[in-house]
Amino acid sequence: MNFSFLFNNFAELTVTGLAFGAVYALIALGYTMVYGVLQLINFAHSEVFMYGTFATLWMTITLVGSGNPGGLQTFGIMAAALLAAMVVSGAIALMLEKFAYRPLIKRNAPRLIALISAIGASFVLAELMGVRDDVAGWFGLRETLDDYVGGARVNQSMPNIVQNRTLFAIGEYNIRMVDVIVILSAILMMVGLDQFVRRSKTGRGIRATAQDPETAALMGVNSTRVIQMTFLLGGLMAGVAAFLYMLKIETTKFDVGFLLGIKAFTAAVLGGIGNLRGALVGGLVLGVVENWGSALFGGEWRHVVAFVLLVVILLFRPTGILGESLGKART
Amino acid sequence: MLLEVEGLCVNYGHIEAIRDISFGVEEGTIATLIGANGAGKTTTLKTLSGLRKVRAGTVKFEGKDITALPPYERVKLGISQSPEGRGIFPGMTVTENLDMGAYVRTDRKSAAYREDVERVFTLFPRMEERRTQVAGTMSGGEQQMLAIGRALMARPRLLLLDEPSMGLAPMLIQQIFGIITEINQQGTTVLLVEQNAAQALKRAHTAHILETGEIVRSGTGAELAGDDSVKAAYLGGDV
């Protein structure tokens with residue numbers, strides 16, 4: 001065990017851990033909101049994230065071209081990439097709701113059936129991205145789109161738009177700009193979503209449906225619309241997560257959603273599934289502990305640390321760190 | 001007739017919960033459905049609100065066929081329900097619960113809206129004292145008041161009340177029924193489902209007795225309250 005490495009780099013490890021954690025937390029929101037309203041684990045949510053990473057990648061490639069943007073241009077590209085990721089992820093989430101869930105919910109299918117449908121949808125979406133060059137080929141676009149569809153099953157890299165420079169130092173430790181952007185934007189999005197769910201009419205409808213769907217319907221809440229909004233909000237947050245992930249990691253792949261999805265789901269359960277603030281807490285705790293753990297035991301222990309943490313916390317607090325459900329979240 | 005129910009049948013799987021029931025509710029009156037546990041009273045109200053699928057029959061509101069309308073459309077038309085077991089939102093405050101009752105209204109910033117809140121507070125002064133309290137932490141009687149007040153916030157034409165006296169102390173039961181009469185006198189039509197037959201018959205203009213999913217007797221409240229067989233079966237022999 002490498003204690004000295006952990007202690008010598010404690011601040012830096014914590015900050016990069018928080019950055020990972022912020023991404024987990026944003027994805028976790030999608031799991032936790034859908035669970036809060038439908039008591040259903042949307043296993044295809046990882047693919048909602050994955051499509052967002054590609055939207056970021058392709059928008060950036062298109063806008064950067066062969067140039068070398070700087071200053072205001074960089075900011076414009078980042079905004080466009082973020083928007084693209086949110087639109088694409090939001091759209092995928094809405095499609096999942098419409099095609100993979102709504103027909104089952106309408107027929108009152110058991111939750112287990114919806115779970116299987118989600119796993120199926122997840123593989124279809126991931127593999128579709130994995131064979132995208134073939135799909136482009138069917139339409140005769142394989143050559144034209146080569147920058148975008150080539151190398152479908154290997155890592156794709158994005159041009160570096162945020163210089164990985166040091167922003168400031170705490171003692172001897174360097175805090176990088178990209179980490180600060182990731183953490184701050186994630187927290188900003190969380191606060192925004194939290195306020196939206198607590199204050200807006202749609203938010204009240206979502207909370208009411210989570211607490212008691214039948215009574216919510218008696219109040220005049222349109223449950224189909226509430227479910228759609230829940231998927232959409234989760235999708236938008238996954239889009240933001242995808243953008244931030246690409247800023248930090250800069251590469252993506254058709255199956256990138258799998259591990260991140262499981263980690264984010266872990267974060268949601270860790271914080272207390274169904275609870276928005278729990279997703280934030282769970283994500284940050286998971287990111288930081290995992291990063292410390294991999295410094296201590298070595299990188300290959302990263303996932304072991306994450307899941308051991310989950311098991312240990314659930315042994316002592318079966319409802320997660322914050323425990324309360326979305327419905328019971330108070331003003 | 002404000003509400004007309006014709007030959008309504010509702011199933012739970014293969015079990016018939018309601019069989020071919022027909023009744024009407026005249027505008028401005030209190031109508032009641034009484035009967036034992038499992039007679040189909042709650043199912044009837046849930047069906048009127050659109051929460052249960054109809055196997056056969058029709059429901060008309062103001063002459064319009066609403067049998068196939070989703071619940072939220074019915075609330076917009078003016079059918080509001082205070083559900084059984086109080087059904088308040090436990091994690092929301094009193095004010096938020098009342099806001100939920102007005103979910104379909106678009107005039108939440110208006111004077112009319114504030115007047116309606118005031119009206120609820122006048123009917124239930126307790127609610128005003130507790131406006132910032134989380135509803136799940138209130139007593140049963142207070143939750144019941146909140147559920148009725150919340151249903152009023154939709155400005156209903158027809159108020160459906162499911163067992164408003166359930167689990168309440170006798171003093172409170174008197175009070176709740178007094179308030180129901182008051183609400184009716186202010187112009188809201190009420191359809192009341194009750195196990196407390198004595199109180200319900202005393203307040204209702206028309207009454208129907210449900211037994212295992214069928215209406216077995218109908219009449220005015222006073223008629224049924226004075227009937228010997230009704231007395232024996234539902235009123236414990238003395239009123």
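User: Which elements of chain B do the buried residues of α7(B) pack against?

Analyst: In this predicted model, helix α7(B) has four residues named as buried, Ile176(B), Phe177(B), Ile180(B) and Ile183(B). These buried residues make their packing contacts with three helices or strands that carry a residue range here and with one given by name alone, and the elements in question are α6 (140–152), β7, β8 (189–194) and α8 (197–203) of chain B.

User: Why do the buried residues of α7(B) count as lying on the same side of the helix?

Analyst: An α-helix has 3.6 residues a turn, so residues three or four places apart point the same way. The buried set consists of Ile176(B), Phe177(B), Ile180(B) and Ile183(B). They are put on the same side of α7(B) because the arc they cover around the axis is only 115°.

User: Which residues are exposed on the other side of α7(B)?

Analyst: The buried residues of α7(B), including Phe177(B) and Ile180(B), share a side of the helix, as their arc around the axis covers only 115°. On the other side, the exposed residues are Met171(B), Glu182(B) and Gln185(B).

User: What distance does α7(B) reach from its first C-alpha to its last?

Analyst: The helix has 16 residues, and at 1.5 Å a residue the expected length is 22 Å. What follows α7(B) is Gly187(B), with a positive phi near 115°. The computed reach of α7(B) is close to the expected one, at 23 Å.

User: Which element gives the largest share of the side of domain 1 of chain B that touches domain 2 of chain B?

Analyst: The domain assignment of chain B gives domain 1 as 1–78 + 157–239 and domain 2 as 84–155, and 16 residues of domain 1 of chain B are in contact with 10 residues of domain 2 of chain B. On the domain 1 side, the elements that give two or more residues are α2 (71–77), β7 (158–162) and α7 (170–185) of chain B. The largest share, 5 residues, belongs to α7(B).

User: How many nonpolar residues does the side of domain 1 of chain B that touches domain 2 of chain B have?

Analyst: This side of domain 1 of chain B brings 16 residues into contact with domain 2 of chain B. By class, 2 of its residues are polar and 4 are charged, while the nonpolar residues number 10.

User: Is Val120(B) buried or exposed?

Analyst: Val120(B) is found in helix α4 (residues 111–123) of chain B, and beyond four places in sequence it touches Leu98(B), Met127(B), Gly149(B), Leu152(B) and Met153(B). A residue is buried if 20 or more other C-beta atoms lie within 10 Å of its own. For Val120(B) there are 22 other C-beta atoms within 10 Å, so this residue is buried.

User: What is the radius of gyration of chain B?

Analyst: The secondary structure of chain B comes to 10 helices and 10 strands. For its 239 residues the globule rule gives 18 Å, and the value for chain B is close to this, so the chain is as compact as a globular protein of that length, with a radius of gyration of 17 Å.

User: Which elements give two or more residues to the side of chain A that touches chain B?

Analyst: The contact takes 18 residues from chain A and 20 residues from chain B. By class, the chain A side has 6 nonpolar, 7 polar and 5 charged residues. The elements that give two or more residues to this side are α9 (201–211) and α10 (213–218) of chain A.

Terms used. Residues are numbered from 1 along each chain as its sequence is written. Chains are lettered from A and ligands numbered from 1 in the order in which they are written. This is a predicted model: local features need pLDDT of at least 70, side-chain atom pairs count only at pLDDT 80 or more; totals for chains, interfaces and linings use all residues. The radius of gyration is taken over C-alpha atoms; the globule rule is 2.2 Å times the number of residues to the power 0.38. Domain bounds come from an automatic or database domain assignment. Two residues are in contact if their C-beta atoms, placed from the backbone, lie within 7 Å. Ala, Val, Leu, Ile, Met, Phe, Trp, Tyr, Cys and Pro count as nonpolar, Asp, Glu, Lys and Arg as charged, and the others, Gly among them, as polar. The expected span of a helix is 1.5 Å times one less than its number of residues. A residue is buried if 20 or more other C-beta atoms lie within 10 Å of its own, exposed if 12 or fewer, and partly exposed in between; C-beta atoms are placed from the backbone. The arc is that of the directions from the helix axis to the C-beta atoms.
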